[in-house]
Amino acid sequence: MCGIVGYIGKRDVAPLLLEGLQRLEYRGYDSAGIVVNTPKSPALKVVKAKGRVRELESRVPKRFAGTTGIAHTRWATHGAPSDINSHPHLDADNNVAVVHNGIVDNADELRAKLVADGIVFVSETDTEVITHLIARSQADTLEEKVREAVKVIEGTYGIAVMHADFPDRIVVARNGSPVVLGIGEKEMFVASDVAALVAHTRQIVTLNDGEMATLKADDFRTYTTGGATTTSTPETVEWEAASYDMGGHDTYMHKEISEQADAVDRVLRGRIDDRFNTVHLGGLNLDPREARGIRRVKILGCGTSYHAGMIGAGLIESLARIPADAEPASEFRYRNPVVDPDTLYIAVSQSGETYDVLAAVQELKRKGARVLGVVNVVGSAIAREADGGVYVHAGPEVCVVSTKCFTNTVVAFALLAVHLGRIRDLSVTDGKRIIEGLRKLPAQIQEILETEEDIKKLAAEYAEAKSMMFIGRVRGYPVALEASLKLKEISYIHAEAYPASELKHGPLALIEPAMPTVAIVPDDDLLEKNRAALEEIKARSGRILAVAHREQEKADHTILVPKNEDELDPILMGIPLQLLAYHTALALGRDIDKPRNLAKSVTVE
């Protein structure tokens, strides 16, 4: 959940590392640090600081020369944010420096053994254990020292290691937390995210779990933690450095909301077959006979990806007529689920590295299940572990909270539902109807975005609320859940989401003038049922903001969205609520791209 950047070459390393850390600030963090050396002056020089990267930068001395270095932004797990708990962590002799993403599950046990042997710890972190294990090793090479350390570690890690006795190299290792190598001309990079690399190279190698690498200025090699050599061919990253810039917007979140029309166009491009009114998804690795044998679909995700999966399950049921449901991956992996050979499992993750989802995929694969991935990042861990899948092509999403990736993920599920449906029982007429609806989406999204000023005015009226209720029925319920989550994440206003039909079973007790309700009211066969829920709220003096296709008389305010096919309406109805959350947070002065306590890619439990 933190950021790693490393470099070895001939350039002055500190500015490169600080720039890389700045590109990883979106991931969420509370402290930062940097360590550098040179082959001619191998002594390790370190600076650490609680707070933002700019605080670290202000502490770096003007004379801080080095051509090799590693740096880190930390999101606290073991030990409160502080200078001492910041990474990199060094041993007592300042010979070994380690940066680490992940959690060492057996850190307490290892710490106790090291303390018994006379080691003095200076931090509260689990990472310092790794530093001392490497420093104590009697192995002849840094690779072997690191290998010995990771063999006794239980848990997740992405680590980068420097050693004063081996100033010509950086050694890295991965187990459950991303590590990406950047291949340059007589220089090498390492990071936890390609965002830190693309300004300097687009040639990358992504390490697998259980894999290590040695980086030297003019070469790299990869191998397993057991010592066996692995073959790693660099791949070209799709996105350039400019894709990670704000592009004239005040925040990344606003930029990414505004990019959704183009993003949806990308996920549709080249995938629609007008001749048969169906969809081509070549990466599924699922032939028609196998598709017809599917008896159930189970979708697994966390947070926003889980909500997208809920909408996806509804699309698959309605269009392909296959029983489908979504479940939080974090719950699924711990309840010892029955794994059915006739069930298709779909793992959803924006980053493709979400630990709970990845762990669920690995457990399913161990039990022989067929797993597809719906992810945004090409070459990510889930994409590699799955049997096939769909890339959502949303482009880099930098803001901690997901917007355009959520929208593209739901569109990807619509494509998958049409694909499965046309193989099974979806008629040519209905296939054509949904495809025409999909083609309308980019223009309709742009139409919604052009109403931003009106939504901004509404946000100012509702920003005073201490708590808000979100309701929706059937297709509208996941939209309500996602809108509630967005408001919580960036405005810190308490919000709850309920099925509209459940109001009378308890939540109505909360309704009062000070508790506004946001109601999802599509113009479909449940319109009158949804209007009845508005009547219940109004009878109890509740304020109502409706998101609908026509003005709602019982609502105090209505945000109008263009009508599409009933099945696709949830895609459009969520977008104005992203803007509502954004402008509410803006009115409250929140740090929108860096919401408190959150991180972008959750690679720990």
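The following exchange explains how several terms apply to this predicted model.

User: What kind of model is this, and what does it leave out?
Analyst: The model is predicted, so local features need pLDDT of at least 70 and side-chain atom pairs count only at pLDDT 80 or more, while totals for chains, interfaces and linings use all residues. Residues are numbered from 1 along each chain as its sequence is written, and side-chain values use heavy atoms, with hydrogens and water left out.

User: Why is Asn277 called buried or exposed?
Analyst: Buried means under 20% relative accessible area, exposed over 50%, and partly exposed in between (1.4 Å probe, protein chains only). Asn277 has a relative accessible area of 10%, so Asn277 is buried. Its phi is near 50°, a positive value in a residue other than glycine. Asn277 is found in the loop between strand E16 (272-273) and strand E17 (278-279); strands (E, at least two residues) and helices (H or I, at least four) are DSSP runs, numbered from the N terminus.

User: What is His393 called at 22% relative accessibility?
Analyst: His393 counts as partly exposed, because 22% lies between the cut-offs for buried and exposed. His393 is in the loop between strand E22 (388-391) and H13, and has a positive phi of about 50° although it is not a glycine.

User: What makes a set of residues a nonpolar core?
Analyst: A nonpolar core is a set of buried Ala, Val, Leu, Ile, Met, Phe, Trp, Tyr and Cys residues joined through side-chain atoms within 4.5 Å. The largest one here has 124 residues, and those with the most contacts inside it are Ile34, Ile316 and Ile346. Helix H13 (residues 404-423) gives the largest share of this core, 12 residues. A second, separate core of 25 residues includes Val96, Val129, Ile134 and Val150.

User: Which residues is Ile346 in contact with, beyond its neighbours within four places in sequence?
Analyst: Contact means heavy atoms within 4.5 Å. Among the residues that Ile346 touches in this sense are Val297, Ile316, Phe413 and Leu416.

User: How do you know that the span of helix H17 agrees with its number of residues?
Analyst: The expected span is 1.5 Å times one less than the number of residues. For the 12 residues of H17 (residues 527-538) this should be 16 Å; the end C-alpha atoms are 17 Å apart, which agrees.

User: Why are the buried residues of H17 said to line one face?
Analyst: The buried residues are Leu527, Asn530, Ala533, Leu534 and Ile537. Seen down the axis, they fall within an arc of 120°, so they line one face of the helix; the arc is that of the directions from the helix axis to the C-beta atoms. The face turned away from the buried side carries the exposed residues Glu528 and Lys529.

User: What makes E18 and E19 a pair, and how do they run?
Analyst: Two strands pair if DSSP finds at least two bridges between them. Five bridges join strand E18 (residues 296-301) to strand E19 (residues 324-328), so they meet the definition, and they run parallel. Lys298 stands opposite Asp325 in E19.

User: Which hand has the crossover from E18 through helix H9 to E19?
Analyst: This β-α-β crossover, through H9 (residues 304-320), is right-handed. The term applies if, with the strands pointing away from the viewer, the path from the first strand over the helix to the second runs clockwise.
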